[in-house]
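Please consider the model shown below with attention to its backbone angles, its strands and its interior. The notes that follow are arranged by topic for a first reading.

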Amino acid sequence: LSPFSPCSCTFMSRRKGNKTVRDNWSFHVGDYGTLLKRFCRTEQQCYLRLMTDTLRPFVPAYHGVVQRDKQDYNMMDNLLTHFHTPAIMDCKMGSRTYLEEELHIARERPQPRNDMYEKMVAMDPEAPTVHERAQQAVLKTRYMQWRETLSSTTTLGFRIEGFRKANEECHTNFKRTKSREQVMEALDKFVESSTHIVVSWGYLRQLKQLRQVLEASDFFRTHEVVGSSLLFVHDWTGRTGVWMIDFGKTVALPPHLTLDHRTPWVEGNREDGYLRGLDNLIDILANMLPLT
């Protein structure tokens with residue numbers, strides 16, 4: 001989960017000092033408009049590359065590694081610093097949220113999981129097969145691929161993880177939000193305010209700018225971008241911001257391979273569907289706005 005994510009509804013803004021953002025101490029609000037996120041080498045390597053890429057304006061500025069209470073943290077800009085009582089939304093991008101490597105590892109060491117069976121049954125009691133029901137367990141590969149079919153991840157190439165409105169009202173029940181109409185309804189609730197049109201146009205403009213930069217980015221072309229989110233932020237003034245966040249599962253490709261991020265994923269091609277999701281997100285947002 002992202003340190004900016006509204007999903008836990010426990011985000012601490014910069015006004016609350018150096019309190020932890022989450023109960024598990026994975027995040028801290030740092031000094032001078034920064035955020036500390038528990039160290040991840042994969043994410044560190046991504047940020048170092050991104051700071052010299054054309055995508056730099058669309059990611060938090062990275063300030064290196066710092067230590068607190070003997071724990072290393074990646075330090076980056078707190079993207080909420082310049083907003084007044086912001087509304088925030090986390091959209092998980094791509095047509096899958098697991099790496100191909102995760103599938104390979106799970107197949108090499110197949111182990112039925114009771115915890116994943118319980119999650120599956122909680123979401124859809126009819127989902128387990130007769131064999132899975134008898135075992136009261138499912139394989140991780142089966143669960144990961146089944147889970148993606150429930151939301152708009154598979155159908156649209158992105159899903160809404162959750163959002164928090166300016167009044168701190170949280171919406172996180174989007175596991176079964178799948179159709180364009182359902183996504184549009186959720187987005188409409190997120191931008192609902194007296195500045196609805198201004199905010200929507202702001203987001204649309206920034207998403208189109210992001211798409212243009214992504215299509216020309218060396219970093220993007222040479223990385224499998226999985227489990228990464230777009231963070232949307234706006235406030236009552238009509239100010240908007242969109243940034244790419246969460247690169248813990250973003251991995252560099254072999255030297256001979258590049259991705260277009262739109263080709264349908266077939267195991268082995270490493271395609272992640274990121275741009276397909278962004279295309280659909282832009283199209284849905286554009287359809288919410290009045291014709292000009």
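**Briefing on the predicted model**

Arg 270 counts as buried, because its relative accessibility is 17% and the limit for that class is under 20%. The model is a predicted one. The points below begin with two unusual backbone angles and then turn to the strands, the nonpolar core and the cavity.

**Positive phi angles**

- Most residues other than glycine have a negative phi.
- Arg 270 departs from this pattern, with a positive phi near 70° in a residue other than glycine.
- Arg 270 lies in the loop that runs between strand E11 (251-252) and helix H10 (274-287).
- Tyr 32 is not a glycine either, and its phi is positive at about 55°.
- Tyr 32 belongs to the loop between strand E1 (27-29) and strand E2 (34-38).
- Is Tyr 32 buried or exposed? Tyr 32 is exposed, because its relative accessible area is 84% and the exposed class begins over 50%.

**Strands E1, E2 and E4**

- E1 and E2 form a hairpin in which four residues lie between the two strands, and Tyr 32 is in the turn.
- The pairing of E1 with E2 is antiparallel and extends over three bridges.
- Within this pair, Val 29 is placed opposite Leu 35 of E2.
- E2 also pairs with strand E4 (residues 71-77), in the antiparallel sense and over five bridges.
- Here Leu 36 is the residue that stands opposite Met 75 of E4.
- E2 is mostly covered, with four of its five residues buried.
- In a regular strand, side chains alternate between the two faces of the sheet.

**Ser 26, before E1**

- Ser 26 is located in the segment that precedes E1.
- Ser 26 is classed as buried, because its relative accessible area is 14% and the limit is under 20%.
- Which residues does Ser 26 contact, leaving aside neighbours within four places in sequence? They are Leu 36, Lys 37, Arg 38 and Tyr 73.

**The largest nonpolar core**

- In soluble globular proteins, nonpolar side chains tend to be buried together.
- In this model, the largest nonpolar core contains 48 residues.
- The residues with the most contacts inside this core are Leu 207, Leu 214, Leu 230, Phe 232, Met 244 and Leu 278.
- H10 supplies the largest share of this core, namely seven residues.
- Met 244 touches Leu 55, Phe 58, Val 59, Pro 60, Leu 210, Leu 214, Ser 229, Leu 230 and Tyr 274, when residues up to four places away in sequence are not counted.

**The cavity**

- Rolling a probe the size of a water molecule over the atoms shows where empty space is left.
- How many cavities of 30 Å³ or more does the structure hold? The structure holds one.
- The largest cavity has a volume of about 40 Å³.
- Its lining consists of Met 89, Leu 187, Phe 190, Val 191, Tyr 203, Leu 207, Phe 232, Leu 281 and Leu 285.
- Two or more lining residues come from each of helix H7 (180-191), helix H8 (196-216) and H10.
- H7 provides the largest share of the lining, three residues.
- By class, the lining has nine nonpolar residues, no polar residues and no charged residues.
- Leu 207 and Phe 232 appear in this lining, and these two residues are also among those with the most contacts inside the largest nonpolar core.

Notes:
Residues are numbered from 1 along each chain as its sequence is written. This is a predicted model: local features need pLDDT of at least 70, side-chain atom pairs count only at pLDDT 80 or more; totals for chains, interfaces and linings use all residues. Side-chain values use heavy atoms; hydrogens and water are left out. Buried means under 20% relative accessible area, exposed over 50%, partly exposed in between (1.4 Å probe, protein chains only). A nonpolar core is a set of buried Ala, Val, Leu, Ile, Met, Phe, Trp, Tyr and Cys residues joined through side-chain atoms within 4.5 Å. Contact means heavy atoms within 4.5 Å. On a 1 Å grid over the protein atoms alone, a cavity is a set of points where a 1.4 Å probe fits but cannot get out, and a pocket is an open set with protein on both sides within 12 Å along at least five of seven lines; lining residues have an atom within 4 Å of a point. Grid points are joined across faces, edges and corners, and a volume is the space filled by probe spheres set on the points. Ala, Val, Leu, Ile, Met, Phe, Trp, Tyr, Cys and Pro count as nonpolar, Asp, Glu, Lys and Arg as charged, and the others, Gly among them, as polar. Two strands pair if DSSP finds at least two bridges between them.
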